[in-house]
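The following paragraphs lead the reader through one protein chain, from its overall contacts to a single side chain at its centre of interest. Please keep the sequence and the structure in view while reading.

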Amino acid sequence: MKKYTTVSVSTTELLPCPFCGSRATLSSLPMSPSWWRVRCDSYHCGGSTWAMGEAEEAVNAWNRRANEQG
Ligand SMILES: [Zn+2]
């Protein structure tokens, strides 16, 4: 089992960070590979979704938040 996975395909569906406009990345939690979240690529921003059971849920949550801020 992989301990850490980044899904590059789904990043094309991610909207920019609603807080700072940086790119965001979908990844599984290092400690819990079955959980997913989207995080802002900016270390100083720290924007992220809650951990979700499905990668698609995390993407949807991120994009929904981005739209709310927009
Ligand atoms: Zn950000």
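Of the contacts in the chain with a separation of 6 or more, 35% are made by residues 24 or more positions apart. The model in which these contacts are found is predicted. The chain has 70 residues, and buried residues make up 19% of them. Its secondary structure amounts to two strands and one helix, and from the N terminus on these elements follow the order β-β-α.

The two strands may be considered together. Strand E1 covers residues 24–28 and runs antiparallel to E2, to which it is joined by five bridges. Two of the pairings can be located by residue: Ala24 stands opposite Cys40 in E2, while Thr25 has Arg39 of E2 as its bridge partner. As a general point, the side chains of a regular strand alternate between the two faces of the sheet.

Both strands are also well covered. Strand E1 is largely enclosed by the rest of the structure, because four of its five residues are buried. Strand E2, residues 36–40, is mostly covered, again with four buried residues out of five.

Which residues form the largest nonpolar core? This core has nine members: Cys17, Ala24, Leu26, Trp36, Val38, Cys40, Ala58, Val59 and Trp62. At least two of the core residues come from each of E1, E2 and helix H1, the last of which spans residues 55–69. Ala24 and Cys40, which stand opposite each other in the strand pairing, are thus both found among the core residues.

The contribution of the helix can be followed through one residue. Trp62 lies in helix H1 and belongs to the largest nonpolar core. Is Trp62 buried or exposed? Trp62 counts as buried because 26 other C-beta atoms lie within 10 Å, where the cut-off for a buried residue is 20 or more.

The contacts of Trp62 extend to other parts of the chain. Leaving aside residues up to four places away in sequence, Trp62 touches Leu14, Leu15, Ala24, Val38 and Thr49. Among these partners, Ala24 and Val38 are also members of the nonpolar core. A further tryptophan, Trp50, is 12 residues from Trp62 along the chain, and the C-alpha atoms of the two are separated by 9.1 Å.

How values were computed:
Residues are numbered from 1 along each chain as its sequence is written. This is a predicted model: local features need pLDDT of at least 70, side-chain atom pairs count only at pLDDT 80 or more; totals for chains, interfaces and linings use all residues. A residue is buried if 20 or more other C-beta atoms lie within 10 Å of its own, exposed if 12 or fewer, and partly exposed in between; C-beta atoms are placed from the backbone. Two strands pair if DSSP finds at least two bridges between them. A nonpolar core is a set of buried Ala, Val, Leu, Ile, Met, Phe, Trp, Tyr and Cys residues joined through C-beta atoms within 7 Å. Two residues are in contact if their C-beta atoms, placed from the backbone, lie within 7 Å.
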